[in-house]
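Dear colleague,

Please find below the structure that I am handing over to you. My notes on it follow directly after.

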Amino acid sequence: MTVPLFISSGDLIADRRFDLARGYAADGDLAAAADLYLQATEAAPGFASAWFALGETREALGDRVGARTAFERARAADAQDRHGAALHLARLGGADPATGALHTYVRTLFDQYAPRFDRALEDLSYSAPALLREAVTKRGTRFGAMLDLGCGTGLAGAAFRPHVDWLVGVDLSPKMIEVARGKGLYDKLLVGDIAQHLADHDAAAFHLVIAADVFAYVGDMAGVCAAAARVIQPGGMFGFTVETHDGEGAIVGTKMRYAHSETFVRDAIADAGLTLLDLARASSRTENRVPVPGLMVVAQR
């Protein structure tokens, strides 16, 4: 999705070893790459990027124990966890991180991604905004105020703008908000955490709330669903997409995104006091030209 994050160690020898390792990895020699990443960490024990790359390489080599150790060192070396080591640890059997702990990782990821976001999603046949618009407008084609959670560059905003009088977007990434602002779609744009924004907002302020592929970066969506329900007017709707899987609960997939089971989603809707109107199997994107399993959901207060 983006060029891998690199944070210099401040040590020229360690950084050089890292560059050499990356070259070996690109050529498919993972054993040599792992050895050089380890040498880089020996030269600079606080080298978070090298620890993280070592974790990825060890995992690719089948060394899950060694990978966990490296990811733990990466997280310890960077208190902000800008590489997202906690997500890798969760997938390898460690404690699942609270969503708030991932904020710096998500912000860093999408700040990097912002300049090429729209083009990249075209290549992935991204369709979440269109899927949600089709499902929502079956039940009404005009809405007063809409809140676009995790609005990104404004793709959902563009899909729904013709149907709403007042459009508000919030996103964790300042760079994504900059791109969205340049499109002139929104009446108001805010940088911030969606859960905090919902908590701070007046109750019953919106007729429609949309979250297009936002929950791929939110482990426990139940709290967001409850907070969204509070800001929706009676009779208003909440539409969102999620990636899904056939097991139970929420898991971290191989691409470091959360997938939520259908039962998990249904329970989150019910616990929020919302009425489920529509839940359908629908892929909002492809990966290696294969549709990613997903759900399209519309609920009502």
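In these notes, buried means under 20% relative accessible area, exposed means over 50%, and partly exposed lies in between (1.4 Å probe, protein chains only). By that scale, Asp19 counts as partly exposed because its relative accessibility is 37%. Please note that this is a predicted model, in which local features need pLDDT of at least 70 and side-chain atom pairs count only at pLDDT 80 or more, while totals for chains, interfaces and linings use all residues. Residues are numbered from 1 along each chain as its sequence is written, and side-chain values use heavy atoms, with hydrogens and water left out.

Overall architecture

The protein contains 13 helices and eleven strands; these are DSSP runs numbered from the N terminus, helices being H or I of at least four residues and strands E of at least two. The radius of gyration is 20 Å, which agrees with the value near 19 Å for a compact globule of 301 residues; this radius is taken over C-alpha atoms, and the globule rule is 2.2 Å times the number of residues to the power 0.38. The C-alpha trace spans about 60 × 40 × 35 Å along its principal axes. Of the 301 residues, 50% count as buried. With contact meaning heavy atoms within 4.5 Å, 61% of the contacts between residues at least 6 apart in sequence join residues at least 24 apart.

Salt bridges

A salt bridge is taken here as a side-chain nitrogen of Lys or Arg within 4 Å of a carboxyl oxygen of Asp or Glu. The whole structure holds twelve of them. Asp19 takes part in one with Arg22, at 3.5 Å from N to O. Both residues belong to helix α1 (residues 12-26) and stand three residues apart, about one turn of the helix. Arg22, like its partner, is partly exposed, at 33% relative accessibility.

In helix α7 (residues 117-123), Arg119 and Asp123 are four residues apart and therefore separated by about one helical turn. Their closest N and O atoms lie 3.7 Å apart in a salt bridge. Arg119 is exposed at 57%, and Asp123 is exposed at 53%.

Arg257 forms a salt bridge with Glu287, with the closest N and O atoms 2.7 Å apart. This pair links distant parts of the chain, 30 residues apart: Arg257 is in the loop between β6 (250-252) and β7 (258-260), and Glu287 is in strand β9 (residues 286-287). Arg257 counts as buried, at 7% relative accessibility. Elsewhere, salt bridges with shared partners join Asp246, Glu262, Arg266 and Arg281 into one network.

Aromatic pairs

Rings of Phe, Tyr and Trp (its six-membered ring) pair if their centres lie within 6.5 Å; planes under 30 degrees apart count as stacked, over 60 as edge-to-face and the rest as tilted. The search of the whole structure finds eleven aromatic pairs. Phe110 and Tyr113 form a tilted pair, because their planes stand at 40°, with ring centres 6.0 Å apart. The two residues lie three apart in helix α6 (residues 103-113). Phe110 is buried at 13%, and Tyr113 is buried at 2%.

Phe215 and Phe240 have ring centres 5.3 Å apart and planes at 80°, so this pair is edge-to-face. Phe215 sits in the loop between β4 (206-211) and α12 (222-231), and Phe240 sits in strand β5 (residues 232-243), 25 residues away. Phe215 is buried at 1% and Phe240 at 0%. In addition, ring pairs link Phe6, Phe18, Tyr37 and Phe47 into a cluster.

With kind regards
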